[in-house]
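Grab a pencil and work through these exercises with the model open beside you. Each task is followed by a solution in steps.

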Amino acid sequence: MEVDYIESVLLRKKGDEYEDYCVRYLRWRHGKDFCEVTAKDRKGDGGRDGYCSSTREYFAISSRKDVSVKIRYDFLNCMEKNLNVN
């Protein structure tokens with residue numbers, strides 16, 4: 001049930017609204033363990049939009065049409081820059 005509801009809500013979201021909703025959901029789901037990452041100047045966010053330090057999970061969020069390209073890029077960027085999560 002939870003997945004169906006989330007999918008129906010996300011289909012109506014666009015751009016920043018989509019990302020904001022995803023971040024709110026991750027905060028609800030993971031509580032204080034979820035850390036949101038914001039872009040730092042031109043260096044960006046290191047291929048991650050958030051992470052959970054206890055499980056070492058990284059989250060990349062994208063509403064772009066070329067999402068597979070974006071996620072692949074974010075994954076490689078994240079692996080290169082974020083191997084040590086504190």
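**Exercise 1: Met79 and its surroundings**

Met79 is partly exposed, at a relative accessible area of 40%; buried means under 20%, exposed over 50%, and partly exposed in between, using a 1.4 Å probe and protein chains only. A word on the model before going on: it is predicted, so local features need pLDDT of at least 70 and side-chain atom pairs count only at pLDDT 80 or more, while totals for chains, interfaces and linings use all residues. Residues are numbered from 1 along each chain as its sequence is written, and side-chain values use heavy atoms, with hydrogens and water left out.

Task: Find which element holds Met79 and which residues form a nonpolar patch with Met79.

Solution.
- Step 1. Met79 sits in helix α3. Helices here are DSSP runs of H or I with at least four residues, strands are E runs of at least two, and both are numbered from the N terminus.
- Step 2. Its patch partners are Phe75 and Leu76, and the three together offer about 320 Å² of accessible area. Such areas come from the Shrake-Rupley method with a 1.4 Å probe, and for residues only the protein chains shown count as cover.
- Step 3. Patch members need over 30% relative accessible area and no salt bridge; nonpolar side chains (Val, Leu, Ile, Met, Phe, Trp, Tyr) are joined within 5 Å, like charges within 9 Å. A salt bridge is a side-chain nitrogen of Lys or Arg within 4 Å of a carboxyl oxygen of Asp or Glu.

**Exercise 2: The two sides of α3**

Task: Check the span of α3, then sort out which of its residues are buried.

Solution.
- Step 1. Helix α3 covers residues 67-81, and its 15 residues at 1.5 Å each should span 21 Å; the rule is 1.5 Å times one less than the number of residues. The end C-alpha atoms are 21 Å apart, which agrees.
- Step 2. Lys70, Asp74, Asn77 and Cys78 are the buried ones in α3. Looking down the axis, they fall within an arc of 100°, so they line one face of the helix; the arc is taken from the directions from the helix axis to the C-beta atoms.
- Step 3. That buried set packs against β3 (57-59), a contact being heavy atoms within 4.5 Å.
- Step 4. On the face turned away sit the exposed residues Arg72, Phe75, Leu76 and Glu80.

**Exercise 3: The whole chain**

Task: Place α3 in the overall pattern.

Solution.
- Step 1. Along the sequence, the order is α-α-β-β-β-α.
- Step 2. Of the chain's 86 residues, 33% are buried.
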